[in-house]
Amino acid sequence: MRKSLLFIVLIALSGSVAFAQAPKKSYNKLSLTLHGGLTTFYGDIQQYTWWPVKDYRSERCSYGIGGNIAWQFNPVWGVNINLMGATLKGTKRNEGSHTSTNNWAYFDASTFEYSVNGVLNFMNLIYRDKTKPRKFKYYFSFGMGFTSFRSAKYRLGTDEVIGTVGYKNYNLEKKERTTETVFPLAFGVKYRISKSFDIGIETSARYTTSDKLDATRGATGINDKYGYTSLSLTYKMGKKEDAQEWVNPFEALNKNLDDIQSNLDGLAKDADGDGVSDLFDKE
């Protein structure tokens, strides 16, 4: 009878501790990030996938720079508004194809991108029994926005303008930029260097609904895209103890489990070794 009563008490006590709500804390949720890095174009005027054509001035590095403001809903999900300016370049050179404007050409484009992105901090979905503060954060982001661009295509060797987008004519007289939809998809890593600052690296692919970023409409009908690999510096705004994105969501659960174990150990204590818990032992 006493053992049955002890069992019921343990179950009731365990349940009350496990489902008790931990005190809610307030965290910094707003952050500002600056980023800069290199871009890579994937489209019709492109010789190689991972590196540019050598020994031609149009193949100098293309780059991007920008920033975002982010809001963290909880330790797992957040959202950011991102702005970025970038250059895109590419060359297509096939021996014996000098007469083709698509095979013996290079292009130079400038873009301005603005997008809204959801951010998934998947490291905080992985349970760990240790609640030691994490130094690294791994995340995915995905979103939708617009890219506004101007692009000019030139003939290799003569630098003659043979195609434009966002210009009035081949004299490169500017007009309103062409705007297309873009879908950014990124993977990144952040390292927490202090309460207020993080550094990070991110690589992304930006899928567009346009086949004219390189001032060329290809025969395949496949839309252009570009990659962006960047370094970043994040400032976590606010005066709270920590930022929401760095909070271990299992911290409260681990504390509850520790409390349950402590209570179970106390209830099961048998000082005189007679097989009856001290809680029910008249002696």
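Q: Which strand holds Y191?
A: In this predicted model, look at the stretch covering residues 178–192. Y191 falls inside that range, and the strand is β7.

Q: Is Y191 buried, partly exposed or exposed?
A: The relative accessibility of Y191 comes out at 31%. Buried needs under 20% and exposed needs over 50%, so a residue at 31% lands in the middle class: Y191 is partly exposed.

Q: What is the approximate area of the nonpolar surface patch that includes Y191?
A: Y191 has company here: I193, F197 and I199 are among the patch members, and so are L32, I69 and I81. V116, F136, L233, Y235 and M237 belong to it too. Put together, the patch covers about 1000 Å².

Q: Which strand gives the largest share of the nonpolar patch?
A: Two strands, β8 (197–208) and β9 (225–237), each bring at least two residues to the patch. The largest share is 3 residues, and the strand behind it is β9.

Q: Is G200 buried or exposed?
A: G200 sits in strand β8. Its relative accessibility is 12%. The cut-off for buried is under 20%, so G200 counts as buried.

Q: What separates the C-alpha atoms of G200 and T33?
A: Leaving out neighbours within four places in sequence, G200 has contacts with V189, K190, S230, L231 and S232. For T33, the chain separation from G200 is 167 residues. In space, the distance between their C-alpha atoms is 9.8 Å.

Q: What percentage of the contacts between residues at least 6 apart join residues at least 24 apart?
A: The chain has 2 helices and 9 strands, and along the sequence the pattern reads α-β-β-β-β-β-β-β-β-β-α. Among contacts at least 6 apart in sequence, the share joining residues at least 24 apart is 71%.

Q: How much space lies in the largest cavity?
A: Searching the whole structure with a floor of 30 Å³ turns up 2 cavities. The largest of them holds about 420 Å³.

Q: How many residues line the largest cavity?
A: Closest to the centre are N68, N80, V119, Y139 and E202. They belong to a full lining of 32 residues.

Q: Which strand supplies the largest share of that cavity lining?
A: Plenty of strands chip in with at least two residues each, including β1 (30–42), β2 (63–72), β3 (77–93) and β4 (104–120). β5 (136–155), β7, β8 and β9 do so as well. The largest share is 5 residues, and it comes from β9.

Technical notes:
Residues are numbered from 1 along each chain as its sequence is written. This is a predicted model: local features need pLDDT of at least 70, side-chain atom pairs count only at pLDDT 80 or more; totals for chains, interfaces and linings use all residues. Side-chain values use heavy atoms; hydrogens and water are left out. Patches are made of residues with over 30% relative accessible area and no salt bridge: like charges are joined within 9 Å, nonpolar side chains (Val, Leu, Ile, Met, Phe, Trp, Tyr) within 5 Å. Accessible areas come from the Shrake-Rupley method with a 1.4 Å probe; for residues, only the protein chains shown count as cover. A salt bridge is a side-chain nitrogen of Lys or Arg within 4 Å of a carboxyl oxygen of Asp or Glu. Helices (H or I, at least four residues) and strands (E, at least two) are DSSP runs, numbered from the N terminus. Buried means under 20% relative accessible area, exposed over 50%, partly exposed in between (1.4 Å probe, protein chains only). Contact means heavy atoms within 4.5 Å. On a 1 Å grid over the protein atoms alone, a cavity is a set of points where a 1.4 Å probe fits but cannot get out, and a pocket is an open set with protein on both sides within 12 Å along at least five of seven lines; lining residues have an atom within 4 Å of a point. Grid points are joined across faces, edges and corners, and a volume is the space filled by probe spheres set on the points.
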